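User: Hello! I would like to learn how to read a protein model feature by feature. Could you walk me through one?

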Amino acid sequence: RCSDDERLTDAVLVIDMSTSMNRLAEDGVMKKAAVVAAAKSFVERLDFTPNARGQNDQAAVVGFNDTAWIQQPLTNDRAAVLAALDALEARQAQGTRLDLGLLEGARALPSELRKEGNTPLMIFLTDGLPNRVPPHPDTGRPEETVIAAAAAAKASGIQVYTIGFGRPDAPDINDRVFPELLAACATRPDMSFVAPEAERIAAIYNGIADVFGCPVGRHDWSQPWP
């Protein structure tokens, strides 16, 4: 077990389940399989067993495409979280409603289910551009709708990491992501990452686990990473 000074978290893994996730990453791995494997690795780093003070990590799973849903509510049942990650693909569909994914991610971390002292954390991954997102009523820009959803999550105390699985300049639009938008949605710009390879996606999840998982304090955030 971790020491008593471990940094515990209530984490929600928000994962894009649009049909483009069946495409191959640049290193030849199916994006969907790569993300589920990376998310599972993150979950394995969490400490779900209560310590002497009854403290432990918790996790939830959310999927999104043209809609968004809570696949697994916040729990300390590791097996249930891992099973929920495997079950996400059953609801794959077209659409990339980034706004709904962010909103549902926040709903998966309600204050009444969070543990006192735990850091509420959202890891939000997409492999695409905003698709079918309604325009913001004030600006008419769908991107502002996405940013407003992220702002609501951050206002509730959730630390938001964003990951773009692709490139902004990919030859095929289905492999493009919007780094500036993802950075605006994250708690800080250095909590937003873009990578086109499965290996890099795994490194990003592991890097976040180094900060919030067991043990703590492996990365100096004043230094470049990953």
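Analyst: Happily; we will go through the sheet, a strand, a helix and the aromatic pairs. This is a predicted model, in which local features need pLDDT of at least 70 and side-chain atom pairs count only at pLDDT 80 or more, while totals for chains, interfaces and linings use all residues. Residues are numbered from 1 along each chain as its sequence is written, and side-chain values use heavy atoms, with hydrogens and water left out.

User: Let's start with the sheet. In what order do the six strands lie?

Analyst: Helices (H or I, at least four residues) and strands (E, at least two) are DSSP runs, numbered from the N terminus. Two strands pair if DSSP finds at least two bridges between them. Here the order is S3-S2-S1-S4-S5-S6, in an open sheet with mixed pairing. Strand S3 (68-75) and strand S6 (192-195) are the edges, each pairing on one side only. From one strand to the next, the twist averages 15°; axes are lines fitted to C-alpha atoms, for helices over the stretch in contact, and angles run from 0 to 180 degrees between N-to-C directions.

User: Which strands does S2 pair with, and in what sense?

Analyst: Strand S1 (residues 9-16) is its parallel partner, over seven bridges; Val14 has Val62 of S2 as its bridge partner. On the S3 side the pairing is antiparallel, over five bridges, with Gly63 partnered by Trp69 in S3. S2 and S3 form a hairpin with three residues between them.

User: How do I read the side chains of a strand?

Analyst: In a regular strand the side chains alternate between the two faces of the sheet. In S2, Gln58, Ala60, Val62 and Phe64 point one way, and Ala59, Val61 and Gly63 the other way. Seven of the seven residues of S2 are buried, so this strand is largely enclosed by the rest of the structure. Buried means under 20% relative accessible area, exposed over 50%, and partly exposed in between (1.4 Å probe, protein chains only).

User: And a helix? How many residues of H3 are buried?

Analyst: An α-helix has 3.6 residues a turn, so residues three or four places apart point the same way. Helix H3 (residues 98-107) is mostly covered, with seven of its ten residues buried. Among them are Leu98, Leu102 and Gly105. The buried residues pack against S1, S2, S3, S4, helix H4 (142-155) and helix H5 (179-185). Gly105 has a relative accessible area of 0% and touches Val12, Val14, Val62 and Met122, not counting residues up to four places away in sequence; contact means heavy atoms within 4.5 Å.

User: Finally, how many aromatic pairs are there?

Analyst: A pair of aromatic rings is described by the distance of the centres and the angle of the planes. Rings of Phe, Tyr and Trp (its six-membered ring) pair if their centres lie within 6.5 Å; planes under 30 degrees apart count as stacked, over 60 as edge-to-face and the rest as tilted. This structure holds two such pairs. Phe64 and Phe124 are stacked, at 5.1 Å centre to centre and 10° between the planes. Phe64 lies in S2 and Phe124 in strand S4 (residues 119-126), so the pair ties together parts that are 60 residues apart in sequence. Tyr161 and Phe212 have centres 6.0 Å apart and planes at 90°, so this pair is edge-to-face. Tyr161 belongs to strand S5 (residues 159-165) and Phe212 to helix H6 (residues 198-212), so parts 51 residues apart in sequence are tied together.
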